[in-house]
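Work through the exercises below with the sequence and the model open. Each task is followed by a solution in steps.

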Amino acid sequence: MSAAAVGTPCKLLTAPEFVPSAKQLPRRRQGIISQATRSHTRSSSGLRNCRASAPLAILATGSLLTRSWRLSRSSSLKQSSNVGLQAVEEQWASLEAEAKSTDAGVRFVQAKIDREKGLVPHTDAKIRYFGEGREKPRVTLFRDQAGWCPYCQKVWLLLEEKGVDYEVVKVPMRSYGEKPESFLKLVPRGLLPAIEIDGSLMTESLDIMFTIEGAFPDPERPMFPPAGPEREQATALLRLERELFGAWCSYLFRPEMPFIGSSDSDFTAALEAVDKELGRDSKSPFFLPYNHPTIVDMQYVSHVERAIASAMYYKGYDIRKRFANIDRWLAAYEELPHYMASKSDYYTHCMDIPPQYGACFPNESETALRARDCIDPSKAQLPVAWQSSLEPPTTLQLQTPEEDYKVEAALSLIQNHEAVARFCCRAAGGDVGRWARGNPTKCELADPFARPNEAFLPVVDAVLRTVAAAVLRGSTAAAVVEAAQSVVDPDTRSQAAECLAYLRDRIGSPRDMSMPAAKFLRAYLGEAVKALCT
């Protein structure tokens, strides 16, 4: 669909027709990307297997813990009386009050209020306002629920960069759940992102971005050069981005065959070309000679972000270390709050990439093995290694006290504890993994229809309380072990451990919390899992 689909006022600027579309390059739906053995990705499968409609931050809350628990346990836990339930809620309320009394807790609560008002960028924001007016926005963005779609991210970043008010409607990606009929009536092919401007609907991310630029022009701050040599440069850069995307696909999704040609060298050559273009203007870290990112930068950043994470995790290839101009460009992006609101951590990307694009082919290089040990939640432990050079934090993250991340992680769990406990109990229930079994286009363990075993709710809730308290107070590993073992009888520890591991491996960033906070919560959950498996 062209930019003209939104109406005459939006035809001020259109995408260059000779820029290859994403559909002209390898993607799973075209059957070009080879399939690979999934033994490695399955062993570390986590966030990609989580139902996209049920992240920590947006899990529907409700009255849980209402059934009697009939497991063979001590008499003190066999009775789930009203008095017992009230005591449990009082303990959670006490933890919440403790967390909110901290400076970091005050900021967390205020940020949540601002998010609900549409004043700050966030994956949970249902509406965004940039000026004083609070009228219904002209724009509605249909994007994926978890913030995993690179094409949705491009459009999201452009709306934020231009300061265009917009509403958000979240729709599952096909790899993680079924699309609602209400969306399919609007977009029969179910494509994301989709956008509605003044009642007109369209798809295809690059077309959408040029349409937005035409509908909301700002000559003083252009998102794409209107004419002249700069437009020619921008158009050539868009073609180069497609070359980089193709080289990344060949490098990651096809087996290494050194005797017939190296995809490593092609990937490196593409990165060298991109790095050279970014070094042309020493005054701006971005591709074009502006002090702000443009459509060109947005077209690159979502896939470069994923290439950096996946190349390190699967291949031990450190893009940021090898290419200084790319690193400088990303560092400039990381200073923008709206980019950080959309940026995933390495684990999230490395688990959400295979269902979307195809199985990845890891190597066994020393750096790749260290990266996987550092990033995989199954290896998470205390002390938390969130400042590793294998996944470098941003300058602002390094300047933020660790206590802030612990409070963020604790409150994210505390304020959603009922729904989170029920989510954990899927591991003890039925149909885990059934939805995706035998279908490589879906997450192997995605569980939109998994049924929680609610008989385990009291014990899981009890362990989650110990974890929340430990994260909040910065407890040692030994203290976590003692606390976890004290609330679970030996005969149910293995099931409780499975429930906690189910959660640990499905915490995503930024969907649920920031990267450092996610690493803290994964580590504390990991220590509890080990304690229950001992």
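Angles under 35 degrees count as roughly parallel, over 145 as roughly antiparallel, 65 to 115 as roughly perpendicular, and the rest as oblique. The model is predicted: local features need pLDDT of at least 70, side-chain atom pairs count only at pLDDT 80 or more, and totals for chains, interfaces and linings use all residues. Residues are numbered from 1 along each chain as its sequence is written, and side-chain values use heavy atoms, with hydrogens and water left out.

**Exercise 1.** Describe how helix H7 packs with helix H10.

Step 1. Locate the helices: H7 covers residues 205-215 and H10 covers residues 295-315. Helices (H or I, at least four residues) and strands (E, at least two) are DSSP runs, numbered from the N terminus.

Step 2. Take the geometry. The angle is about 150° and the axes are 11 Å apart; axes are lines fitted to C-alpha atoms, for helices over the stretch in contact, and angles run from 0 to 180 degrees between N-to-C directions.

Step 3. Classify: H7 and H10 are therefore roughly antiparallel to each other.

Step 4. List the contacts (heavy atoms within 4.5 Å). From H7, Leu 206, Met 209, Phe 210 and Glu 213 meet Ile 295, Met 298 and Gln 299 of H10.

**Exercise 2.** Is Tyr 251 buried or exposed, and which residues does Tyr 251 contact beyond its neighbours within four places in sequence?

Step 1. Place the residue: Tyr 251 belongs to helix H8 (residues 229-253).

Step 2. Apply the cut-offs: buried means under 20% relative accessible area, exposed over 50%, and partly exposed in between (1.4 Å probe, protein chains only). With a relative accessible area of 3%, Tyr 251 is buried.

Step 3. Find the partners. Neighbours within four places aside, Tyr 251 is in contact with Ser 263, Asp 264, Phe 267, Ala 311, Lys 315 and Tyr 317.

Step 4. Check a distant pair: the C-alpha atoms of Tyr 251 and Cys 360 are separated by 9.0 Å, with these positions 109 residues apart along the chain.

**Exercise 3.** Find the backbone exceptions around strands E4 and E5.

Step 1. Look for a cis bond. The peptide bond from Leu 192 to Pro 193 is cis, with omega near -5°; Pro 193 lies in the loop between helix H6 (181-186) and strand E4 (194-197).

Step 2. Look for positive phi. Asp 198, not a glycine, has phi of about 55° and sits in the loop between E4 and strand E5 (200-203).

Step 3. Continue to Glu 204, also not a glycine, with a positive phi of about 75°, in the loop between E5 and H7.

Step 4. Compare accessibility: Asp 198 is partly exposed at 47%, and Glu 204 is partly exposed at 27%.
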